[in-house]
Number of protein chains: 2
Amino acid sequence: METTASPPTTGGPAGRPRRLTIADIAARAQVSPSAVSFALNGRPGISPETRERILAVAKEANWRPNYAAHALSTARSGAIGVVTIREPEQPLWSASFGGHFLAGVQAELAERDVLLILHTVADLEAESALYDRWLGERRVDGVLVINPETDDPRFAALESLDLPAVVVGDVRDRSALGCVWTDDAAATTLAVEHLAGLGHRNVGRMSGDSHLLHYAIRERAYRDALAAHAMRTEQRTLTHDQHGAEEIRDLARRGTDPLTAVIVEDLEVAVQLTANLAQLGMSVPGDISVLAWDDGAAATLLRPSLTALHRDIAGYGRLAAQELVRTIDGGAPRSLQGTTTTLVARQSTGPAPVR
Amino acid sequence: METTASPPTTGGPAGRPRRLTIADIAARAQVSPSAVSFALNGRPGISPETRERILAVAKEANWRPNYAAHALSTARSGAIGVVTIREPEQPLWSASFGGHFLAGVQAELAERDVLLILHTVADLEAESALYDRWLGERRVDGVLVINPETDDPRFAALESLDLPAVVVGDVRDRSALGCVWTDDAAATTLAVEHLAGLGHRNVGRMSGDSHLLHYAIRERAYRDALAAHAMRTEQRTLTHDQHGAEEIRDLARRGTDPLTAVIVEDLEVAVQLTANLAQLGMSVPGDISVLAWDDGAAATLLRPSLTALHRDIAGYGRLAAQELVRTIDGGAPRSLQGTTTTLVARQSTGPAPVR
């Protein structure tokens, strides 16, 4: 660890413009500090001429109200919170979903002059405790609750707190909290039917842990759709596992009832799987079709390009932020479909191989 | 857009625990509100017995100071800001660097009870204006400045403001602001020498736009290292471009002086390039070696696994956050090396092909 001395500029008082106080404006306008306070807060008690002179001085000096004072007088913090559960070393956000979703949230909030506070905690209990604390301190005006689980203690915690909250996920049957959601069951059906239409009868699925609600919803829809088409099911939990491609290859090569297509519910994993299948001598889609969820730049840049389930993720983030702001402003909780999912057919899915 | 009515729970006053006020505590402790204020703020003017009774009531009620009131009395917001420049539809953070860096920043701040405010702006000028505004409003106590540019107006803007700032990047020669940095020149030399040791004499580079300082530093080191080894240089700006793999293939197949290795300064692009080269019938590393920057899960999961330049990115984020907190606490600006870069040799680099 190398250290280099630099001139003490940041944080030092020398020569820097100091933040203007009410007393400074009072001195410049040649009035009392309380007259400045009256003028800046639009209260009666001073003459129109004095008010105008004070406001002109304040404007010229580019004076802005102290945020904390504003927060105290309005009982608003001007910020919302998004909490993620993860180990410190784990990256924030998946490349294909989270980064786009958060970008949409931020874009919407920036237009409304609301700040976004991001926070990491170790587990669901810590998250609920943080909400309680934030409410007590009035640090945030509301929260977006992400990654709802099938058995999620955060719902009850938030229902008992006077902290506006919007859940990102379909919790209509599970919570009185408002939510924005995407119809993952319909999207799953779309994926299975695309593959059924290409003649596939044995479709696998690489997915995440079904304690997360969206994976549980997809799993149920996947089994329903396969049953409707009298198809066989293969499923493995999606982990970043180097043996994934070998397992898929072995399933596709077995003598009876070989796997001919796989739905991969993470774009990054789909890219790696496709590359590794090629390395193992498997042709995509000649030997096996690959269908990815979500869509993204990597899907179009890979050869073969990836057939993908596509959602307007940034728009979904924007809507979630809008909905939370509406709830903070006193709107009743409601549920809103955030975006619809379509299927973009590209090179990685094709007719089932005849064997 | 479907709307479903739900019971008006969130934001509604019915049955919810209201935030406790000083008046509530006064009523429970049977004292005046000003006595409560004295007790909670540790001021004299009440008897030790009264103080103890009030504190016991406050503790039992799980009372917490209003954050804005605390911020006013301490002149601290308890938050730091990180601003990113991008279009609303662009995802936040690269998969291989940003997500890990920000996770480290968050982990460090959470331990210190400092909040992280993330904000998106359209350009450098908007970023400087936001700093000015945040300082005026006292919204943040300091900022981490990311993605420094070779000709960056944010340095002068921040040097003239009394807002603590730490730059993430090597700006020792460019700014009086404090910075944390990684030695990208040394890392580039490491990459070139690894390839030179394998017999490569014509090494290409896929990189980002050199208006970003880290790309400019790497470009210079790359040209120096190639000159030192009497190697030829090929360079193309790294864009997510589907023709990238075809260009690399064509350079590797030309009759005279074929390209035998390429350094790719983005892990996601390196994964796609490697997959696409396989699809084009090129063997990695048989026909061409691929070396990626940064390291990450995708590098180990791909076949061939990717040789990569490795940094402790989360630790770098932690150090940046620590350094900003130290600066906010009045520490003089300094520059600190955040992490050292090593080379992890895997399957994607091998001896230069004999042609």
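Start with the whole of chain A and switch on its surface: the accessible area comes to about 14400 Å², and 51% of that belongs to carbon and sulfur atoms. Keep in mind as you go that this is a predicted model.

Now hide the surface and show the C-alpha trace of chain A. Turn it along its principal axes and you'll find that it spans about 95 × 55 × 35 Å. Switch to cartoon and there are 13 helices and 13 strands to look through in chain A. The radius of gyration of chain A is 27 Å, well over the 20 Å that the globule rule gives for 355 residues, so the chain is more spread out than a compact globule.

Next, colour by burial. Of the 355 residues in chain A, 55% count as buried. If you like drawing contacts, take those in chain A with a separation of 6 or more: 68% of them come from residues 24 or more positions apart.

Time to zoom in. Select residues 22-29 of chain A, which is helix H1, and residues 33-40 of chain A, which is helix H2. How do their axes cross? They come within 8 Å of each other and cross at roughly 105°, which makes H1(A) roughly perpendicular to H2(A).

Stay here and show side chains. On the H1(A) side of the contact, pick A:Ile22, A:Ile25 and A:Ala26. From H2(A), add A:Pro33, A:Val36, A:Ser37 and A:Leu40. Colour this selection by class for the last stop: the contact of H1(A) with H2(A) has six nonpolar residues, one polar and no charged ones.

Terms used. Residues numbered from 1 in each chain as written. Chains lettered and ligands numbered in written order. Predicted model: local features only at pLDDT ≥ 70, side-chain atom pairs only at ≥ 80, totals over all residues. Heavy atoms only, no water. Axes fitted to C-alpha atoms, helices over the stretch in contact; angles between N-to-C directions. Helix = DSSP H or I, 4+ residues; strand = E, 2+ residues; numbered from the N terminus. Parallel < 35°, antiparallel > 145°, perpendicular 65-115°, else oblique. Contact = heavy atoms within 4.5 Å. Nonpolar A, V, L, I, M, F, W, Y, C, P; charged D, E, K, R; others polar. Rg over C-alpha atoms; globule rule 2.2 N^0.38 Å. Buried < 20%, exposed > 50% of the residue type's maximum accessible area, 1.4 Å probe, protein only. Areas by Shrake-Rupley, 256 points an atom, 1.4 Å probe, with all protein chains shown as cover.
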